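Hi,

Here is the structure I promised to pass on to you. Have a look at it first, and then read on for my notes on what turned up.

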Amino acid sequence: MPNHPSIIARPTHTGFHGRYVTNDGHPADRIPQLLHLYHRAYRHDLDAMLDFLIDQHPAGWSQIGTDPTADCGWINPCPPRGDRGFRCYCHGDRSEPEGLVTEVTADPLWDEWIYVLRPGGITVTAATPDGGAWLKPEFVAWSDGGGPCIAAA
Ligand SMILES: [Zn+2]
């Protein structure tokens with residue numbers, strides 16, 4: 001079992017579409033990371049942030065980092081221990097096909113959290129501990145993240 005699999009997505013009129021992220025999807029890690037990217041790396045340009053996270057890396061991610069300008073391709077045999085950069089499945093030493101995840105295909109047995117990035121903030125949806133269903137989404141405003149920030153890798 002990967003370490004807290006999750007989905008990062010943009011809203012659609014029916015729900016969302018986004019990419020799978022294998023590791024570090026727990027809200028204690030992911031929310032500060034997304035707030036950092038929004039406030040620091042992308043300077044509140046949500047469209048550019050979504051373009052990077054979803055459109056430019058269609059195969060999805062092993063892990064999300066803090067510096068989108070650094071090399072974000074996969075490294076064989078695997079990223080070095082302690083690597084905190086972006087590592088995708090479509091660049092570098094891997095070239096996997098597009099993986100689209102939607103409100104129809106997301107699976108609470110496998111995906112533990114869904115993060116939908118909206119103009120006002122992030123909708124966070126958790127799976128039940130037994131993976132049997134999705135819980136009611138909670139909302140984290142972008143403005144909640146103006147304070148402490150994780151350091152760049
Ligand atoms: Zn990629």
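A disulfide is counted here when two cysteine sulfur atoms lie within 2.5 Å of each other. By that rule the structure holds zero disulfides. Please keep in mind that this is a predicted model.

Two of the cysteines show how that comes about. The sulfur of Cys-72 has its closest cysteine sulfur in Cys-88, and at 5.1 Å that is too far for a bond. Cys-72 itself is buried, with a relative accessible area of 10%. For Cys-78 the closest cysteine sulfur is also in Cys-88, but at 15 Å, again too far for a bond. Cys-78 is partly exposed, at a relative accessible area of 44%.

Now to the metal. Which residues hold the zinc ion? Its protein donors are His-57 and His-91, each through ND1, together with Cys-88 and Cys-90, each through SG, and they lie 2.0 to 2.3 Å from the ion. The angles that the four donor atoms subtend around the zinc ion run from 96 to 121 degrees, which makes the arrangement tetrahedral. For reference, the ideal angle for four tetrahedral donors is 109.5 degrees.

Along the chain, the donors follow the spacing H-x30-C-x1-C-H. His-57 sits in the loop between helix H2 (46–55) and strand S3 (61–63), while Cys-88 belongs to strand S4 (residues 87–88), so this pair ties together parts that are 31 residues apart in sequence. Both donors are shielded: His-57 is buried with a relative accessible area of 4%, and Cys-88 is buried with 0%.

Helix H2 is worth a look too. Its buried residues are Leu-46, Met-49, Leu-50, Phe-52, Leu-53 and Ile-54. They pack against helix H1 (27–41) and against four strands, namely S1 (6–11), S2 (16–21), S3 and S6 (113–117).

That last strand leads on to S7. Is strand S7 (residues 121–126) enclosed or open? Six of its six residues are buried, so S7 is largely enclosed by the rest of the structure. S6 and S7 run antiparallel, joined by five bridges, and a hairpin connects the two through three residues. In one of these pairings, Trp-113 has Ala-126 of S7 as its bridge partner. S7 also pairs with strand S8 (residues 138–141), in the antiparallel sense and over four bridges. There, Val-124 stands opposite Glu-138 of S8.

Enjoy exploring it, and write back with any questions.

Best wishes

Key. Residues are numbered from 1 along each chain as its sequence is written. This is a predicted model: local features need pLDDT of at least 70, side-chain atom pairs count only at pLDDT 80 or more; totals for chains, interfaces and linings use all residues. Side-chain values use heavy atoms; hydrogens and water are left out. Donors are N, O and S atoms within 2.8 Å of the metal (3.2 Å for Na, K and Ca); water is not among the atoms, so sites may look incomplete. Four donors count as tetrahedral if all angles lie between 85 and 135 degrees; four count as square planar and six as octahedral if opposite donors are over 155 degrees apart and all others between 65 and 115; anything else is irregular. Buried means under 20% relative accessible area, exposed over 50%, partly exposed in between (1.4 Å probe, protein chains only). Contact means heavy atoms within 4.5 Å. Two strands pair if DSSP finds at least two bridges between them.
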